[in-house]
Amino acid sequence: MSDHNTPAPITIFTAKKVITMNPARPTAEAVAVRGDRIVGAGSLDEMKSWGEVQSAEVTIDEQFKDKVLTPGFIEAHSHVMAGGLWMLPYVGFFDRKGADGALWKGLKSLDEVIDKLRELDASMEDPNELLLAWGLDPIYFEGDRMLAKHLDQVSETRPIFVYHASGHLATVNTALLNKAEITADDPTPGIPLDADGKPDGELQEPAAMRLAGDAFDKLTEVFRTPDSMWNYAKEARNAGATLITDLGTSQLADPEQVQRWRDAADDPEYPCRVMVALSTMMGGLQSPADLAQIGVDLLPSASEKLKFGMVKIVLDGSIQGFTARITWPHYYNAPPGHPGNGLWLLPPEQVASIVEAFHVAGLTVHAHCNGDEAAEVFISAVEEVLEKHPRFDHRHTVQHSQLTTKAQYQRMAALGMCANIFSNHMFYWGDQHRDLTVGPERAEGMDACATALREGVSFSIHCDAPVTPMGHLRTMWCAVNRLTATGKTLGEHEKISAEAALHAVTLGAAWQLKLDHDIGSIEAGKLADFAVLDDDPLTVDPVAIDDIGVWGTVLGGVPFPAESPA
Ligand SMILES: [Zn+2]
């Protein structure tokens, strides 16, 4: 704190409106900042009075006088490869903008994907070099699957690995199957066979994908580069986010990876705060207890912009890949070749002991549970662990929480658990969930924000970038409107208000990251992190929420304008 005789200067940002998310003072016309923290939010006269009574130098910054300030958005489930995958060609269904701003046109049929891959194949000089692409989502195509026989039409000699949009599956060609010696005899789950009894080219979930050897290693390399870390934060800043969570895609047991994160995030130019979660998925050999110790050892070295304290575990797969675990009556209209009821990525009987190791270490466990059968196992594990080791305020969180039922939300409320709901599915896969994966009734009840709200479960909503594009205005739009890609409403009764959606992406996310004392609202004492918007998400027509322009952010009192990439 400053010497009383020489008070530090104050900058007052004026705005068309400041939405504070502070229930005691929901809106303001100005916010005063000293250093990286908020002195107060209120009328311009009130803010000026700080300078008068303390004889502090005051600067009034009017650059946002026509803008709306909200607390900086907090993305509590995304991945650092959101910044890195753009180094690889994109072959997804929807148009997407890369980290460099270049537009990748969506490919609307299997043939268009094959043509694009042929073009890439022709542009490569070395005939043996691996062709790696990402973003594939065959669920939109006639036939619903892309297999080795399709990729063999691109090349019978060059190994090809195409990573799916969900991040849970890949399709490889016969040349790669042969090179990596993946055969029908392999005991690894997630290698479906064709009519001739040979692997059909789909590799479901990480254990199977890892069998692709070099190809998988090369894919995961892009997660670890400084460019990936920087592009990830720039994309977040452009979308109004001031904190992003790399949920379990960094190997924190590797000191070099931790150092790369420090070098990036602690650079004053790095435009976002980052929470980096530990993961049991990153191929380390540590036991849960050893990994928990690594997590505990990292805690004291957190900085204002680099946070630790969470651990990610993954129970099941993806619903659109038919690898999530869902309760009876299971999948509605699954194509042949998919596992009857998804895959367990952790043996269910081990989940309680894994949760226990992290819980007793004081860490917060975030469990990927797309299906309700997975959520049930995790909720029961948390209950079992809490009976043995009562701990108030653990904030263990069901991640994705896509098919979590009212009964499960009631248990979660009783146990003090949180949810982070994957609302973007409404738009990107809503039609497919209704027609193919879970059928009409369960599709309407998916991503049940209104139920979570009614049952008193603290929740956030997320994009899971790179699975869907980074951007909380888009995610709010999905939760508020529940419109599918074909413009149909899916689940009228699970819509939430814009205000509840804004709470989810600010204080709701801050709470589950245990950072709500510092961020998530604009009020005295908190860090000066704002999203700077062209319009008011609480008063525009709800279907226009994602049309609101983003000027950029203020991070710790410093404006970070969005940059249209070169
Ligand atoms: Zn994820």
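1. Val 532 has Gly 552 of strand 23 as its bridge partner. This pair belongs to the contact between strand 22 (residues 530-533) and strand 23, where four bridges link the two in the antiparallel sense. The model is a predicted one, and the remarks below should be read with that in mind.

2. Strand 23 covers residues 550-555, and six of its six residues are buried, so the strand counts as mostly covered. Besides strand 22, strand 23 also pairs with strand 24 (residues 558-561), again antiparallel and through four bridges. Within that second pairing, Leu 555 is opposite Val 558 of strand 24.

3. Strand 23 and strand 24 make a hairpin, with two residues between them. One residue of the turn, Gly 556, has a positive phi of about 55°.

4. The protein chain as a whole contains 18 helices and 24 strands. Its C-alpha trace spans about 85 × 55 × 50 Å along the principal axes. The radius of gyration is 24 Å, and a compact globule of 566 residues would have a value near 24 Å, so the two agree.

5. How much of the protein chain is buried? Of its 566 residues, 55% count as buried. Contacts in the protein chain between residues at least 6 apart in sequence were also examined: 71% of them join residues at least 24 apart.

6. The largest nonpolar core has 185 residues. The members touching the most other members are Val 31, Phe 161, Ala 212, Leu 315 and Phe 378. Leaving aside residues up to four places away in sequence, Phe 378 touches Leu 315, Val 351, Ala 367, Cys 369 and Val 398. Leu 315 thus appears in both lists.

7. The domain assignment gives three entries for the protein chain: domain 1 (10-66), domain 2 (73-80 + 222-555) and domain 3 (89-221). Domain 2 is listed in two segments. Taken over C-alpha atoms, the centres of domain 1 and domain 3 are separated by 52 Å.

8. One open sheet consists of six strands in the order 15-17-18-19-20-21, with parallel pairing. At its edges are strand 15 (278-279) and strand 21 (459-461), each of which pairs on one side only. Strand 21 is joined to strand 20 (residues 418-421) by three bridges in the parallel sense. There, Asn 420 faces Ser 460 of strand 21 as its opposite residue.

9. Another open sheet has four strands in the order 9-10-11-12, and its pairing is mixed. Why is one side of strand 9 (131-136) and of strand 12 (202-204) left without a neighbour in the sheet? Both stand at the edges and each has a single partner strand, so no strand of the sheet adjoins that side. From one strand to the next, the twist averages 20°.

10. In the four-strand sheet, strand 11 (residues 169-172) and strand 12 run antiparallel and are joined by three bridges. Leu 169 is opposite Gln 204 in strand 12. As a general point, strands of a sheet pair through backbone hydrogen bonds, either parallel or antiparallel.

11. Which helix lies across strand 9 and strand 10 (160-164)? That is helix 3 (residues 110-123), and it runs at about 155° to strand 9.

How values were computed: Residues are numbered from 1 along each chain as its sequence is written. This is a predicted model: local features need pLDDT of at least 70, side-chain atom pairs count only at pLDDT 80 or more; totals for chains, interfaces and linings use all residues. Two strands pair if DSSP finds at least two bridges between them. Axes are lines fitted to C-alpha atoms, for helices over the stretch in contact, and angles run from 0 to 180 degrees between N-to-C directions. Two residues are in contact if their C-beta atoms, placed from the backbone, lie within 7 Å. A residue is buried if 20 or more other C-beta atoms lie within 10 Å of its own, exposed if 12 or fewer, and partly exposed in between; C-beta atoms are placed from the backbone. The radius of gyration is taken over C-alpha atoms; the globule rule is 2.2 Å times the number of residues to the power 0.38. A nonpolar core is a set of buried Ala, Val, Leu, Ile, Met, Phe, Trp, Tyr and Cys residues joined through C-beta atoms within 7 Å. Domain bounds come from an automatic or database domain assignment.
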